[in-house]
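Here are some short exercises to help you find your way around a new structure. Try each one yourself before you read the solution.

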Amino acid sequence: MTERLYHADAFLRSFRARVTAHAEHGGRSSVVLAATGFYPEAGGQMADRGSLGGVAVIDVQADDAGVIHHVLDGAAPPVGAEVDAAIDWARRRVHMALHTGQHLLSRALIEAATAETVSARLGETGCTIDVARDPVPERELAAAEALANSVIDDDVAVRAWFPEPAELAGLPLRREPKVASEVRVVAIGDFDVSPCGGTHCARSAQIGSIRVLGAERYKGLTRIHFTAGARARGLLGEHSETLARLARELTCSTADVPGAIDKLRRALSDSRADAAAVRDQLAAALADTLVAGSTGAEVIATLPDAALLRPLAARLSAAGKDVLLAVATPEGTQVLLSRTAGSSLDCGALLRRLAQATGGRGGGKAEHAEGRLPAAIDWPAAVAAARA
Ligand SMILES: [Zn+2]
């Protein structure tokens with residue numbers, strides 16, 4: 001079993017390491033030390049990174065016997081060697097804030113939202129807590145966040161120790177320990193007491209702040225997304241920059257951004273209604289012109305805009321005409337065939353012949369058919385050829 005230096009000092013950034021063995025873990029070569037300050041992936045907290053004898057440590061894992069394996073990106077120092085070891089401190093410090101923040105938020109969720117933690121995950125990009133309540137009202141989530149941040153502001157001491165069984169029995173643990181003996185306990189002031197083998201801040205203020213980012217229903221539970229510490233600062237900074245950029249684009253203050261977006265939405269909706277009205281007027285005028293210029297039972301025409309196809313077809317059908325319309329679009333020639341009441345034109349059959357002859361596609365019923373033919377076809381000539 002490897003001695004875990006981070007149990008006594010979670011702020012140990014570098015140490016002298018003695019290599020006791022070369023081993024293997026999960027199919028990868030590993031280095032075993034007499035004692036290590038590297039935290040192995042466990043309990044939802046990510047593994048440390050860093051360097052060992054100048055070689056990068058890319059993963060740290062514990063096996064069932066309690067031996068900690070350091071996976072290196074390069075040649076391992078020889079067995080018996082004493083080398084310098086350094087932990088990637090920026091990464092670990094973020095993990096400590098997120099992990100201690102999770103303890104704090106889990107307790108706050110019980111106090112302010114009657115929501116017991118079922119499991120928690122701290123990831124490279126996001127952190128979540130699953131709680132046994134569905135749903136958790138938003139105001140109670142906000143109350144839990146506020147309560148957790150008030151304990152951060154109070155700057156209470158965080159203590160981690162191995163209590164004797166008699167003391168352990170009397171502690172108000174938030175959850176049952178996962179191990180039967182050598183139970184390590186972490187207390188955040190008298191706010192929360194939990195069994196945990198992880199690395200924690202020494203005082204609650206070192207968490208910095210906690211931010212609940214959202215919640216979603218998940219398999220009968222509620223999954224709460226949160227962030228803390230330097231990662232929370234980074235994220236809130238990004239959000240602030242995005243909001244400032246939007247305010248510049250909209251030439252308003254950041255507080256007025258939602259109102260400015262509402263105004264834009266209304267303007268867009270008005271413009272769409274205006275465009276639809278203009279299209280209707282255009283369709284009416286075009287229909288009149290086409291009916292006036294047509295002596296037969298049908299109208300074959302090429303239009304300037306695909307949005308005109310259906311309104312124009314409806315007007316021409318109502319005027320007693322079979323309709324064969326085409327529009328050139330960037331994707332090809334969009335066509336619409338529609339027959340008037342009492343006509344015997346089979347639109348679907350004609351379009352299938354057109355598609356076959358030109359290499360396009362489309363189909364439909366006898367009354368109405370739509371499809372897409374290749375670009376740059378001569379529409380009246382193609383119709384005539386398909387009928388021949
Ligand atoms: Zn912990």
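**Exercise 1. Where does Ala376 lie?**

Solution. Keep in mind as you look that this is a predicted model.

Step 1: follow the chain past strand 20, and you'll find Ala376 in the loop between strand 20 and helix 9.

Step 2: check its backbone. Phi of Ala376 is near 55°, a positive value in a residue other than glycine. That deserves a second look, because most residues other than glycine have a negative phi.

Step 3: check the surface. Ala376 has 81% relative accessibility, and anything over 50% is called exposed, so Ala376 counts as exposed.

**Exercise 2. Find the loop that holds Lys219, and say whether Lys219 is buried or exposed**.

Solution. Step 1: Lys219 sits in the loop between strand 14 (210–218) and strand 15 (221–228).

Step 2: Lys219 isn't a glycine, yet its phi is positive, at about 50°.

Step 3: the relative accessibility of Lys219 is 73%, so it goes down as exposed.

**Exercise 3. Which peptide bond is cis, with omega near -5°?**

Solution. Step 1: go to the loop between strand 10 (127–131) and helix 3 (138–153), where Pro135 is found.

Step 2: look at the bond leading into Pro135. The peptide bond from Asp134 to Pro135 is the cis one, and its omega is near -5°. As background, most peptide bonds are trans.

**Exercise 4. Describe the overall build of the protein chain.**

Solution. Step 1: take stock of the secondary structure, which comes to nine helices and 20 strands.

Step 2: ask how spread out the chain is. Its radius of gyration is 35 Å, while the globule rule gives 21 Å for 388 residues; the value is well over the rule, so the protein chain is more spread out than a compact globule.

Step 3: look at the extents. The C-alpha trace spans about 105 × 50 × 40 Å along its principal axes.

Step 4: split the chain up. The domain assignment gives domain 1 (3–87), domain 2 (93–246) and domain 3 (282–387). Between the centres of domain 1 and domain 3, taken over C-alpha atoms, there are 74 Å.

Step 5: turn to burial and surface. Of the 388 residues, 41% count as buried. The chain exposes about 19,800 Å², and carbon and sulfur atoms supply 52% of that area.

Step 6: finish with contacts. Take those between residues at least 6 apart in sequence: 57% of them join residues at least 24 apart.

**Exercise 5. How many salt bridges does the count come to, and which residue does Arg387 meet in one?**

Solution. Step 1: the count comes to 18 salt bridges.

Step 2: Arg387 pairs with Glu298, at 2.8 Å from N to O. The two partners are 89 residues apart, with Arg387 in helix 9 (residues 379–387) and Glu298 in strand 16 (residues 298–303), and the pair links distant parts of the chain.

Step 3: check how covered the partners are. The range from 20% to 50% is called partly exposed. Arg387, at 38% relative accessibility, therefore counts as partly exposed, and so does Glu298, at 25%.

**Exercise 6. Track down the partners of Arg310 and Arg339.**

Solution. Step 1: Arg310 forms a salt bridge with Glu370, and their closest N and O atoms are 3.0 Å apart. Arg310 belongs to helix 7 (residues 309–318) and Glu370 to strand 20 (residues 368–373), 60 residues apart.

Step 2: compare the two ends. Arg310 is exposed, with a relative accessible area of 56%, whereas Glu370 is partly exposed, at 25%.

Step 3: Arg339 forms its salt bridge with Glu367, with 3.4 Å between the closest N and O atoms. Both sit in loops: Arg339 between strand 18 (332–338) and helix 8 (347–358), Glu367 between strand 19 (361–364) and strand 20.

Step 4: Arg339 is partly exposed at 23%, and Glu367 is partly exposed at 40%.

Step 5: one more thing to find is a network in which salt bridges that share partners join Arg107, Glu111, Arg174 and Asp192.

**Exercise 7. Which residues form a nonpolar patch on the surface?**

Solution. Step 1: the patch is made of Leu243, Leu246 and Ile261, with about 200 Å² of accessible area together.

Step 2: zoom in on Leu246, which is found in helix 5 (residues 229–249). Its relative accessibility is 36%, so Leu246 counts as partly exposed.

Conventions: Residues numbered from 1 in each chain as written. Predicted model: local features only at pLDDT ≥ 70, side-chain atom pairs only at ≥ 80, totals over all residues. Heavy atoms only, no water. Patch = residues over 30% accessible without salt bridge, like charges linked within 9 Å, V, L, I, M, F, W, Y side chains within 5 Å. Areas by Shrake-Rupley, 256 points an atom, 1.4 Å probe, with all protein chains shown as cover. Salt bridge = Lys/Arg side-chain N within 4 Å of Asp/Glu carboxyl O. Helix = DSSP H or I, 4+ residues; strand = E, 2+ residues; numbered from the N terminus. Buried < 20%, exposed > 50% of the residue type's maximum accessible area, 1.4 Å probe, protein only. Domains from an automatic or database assignment. Rg over C-alpha atoms; globule rule 2.2 N^0.38 Å. Contact = heavy atoms within 4.5 Å.
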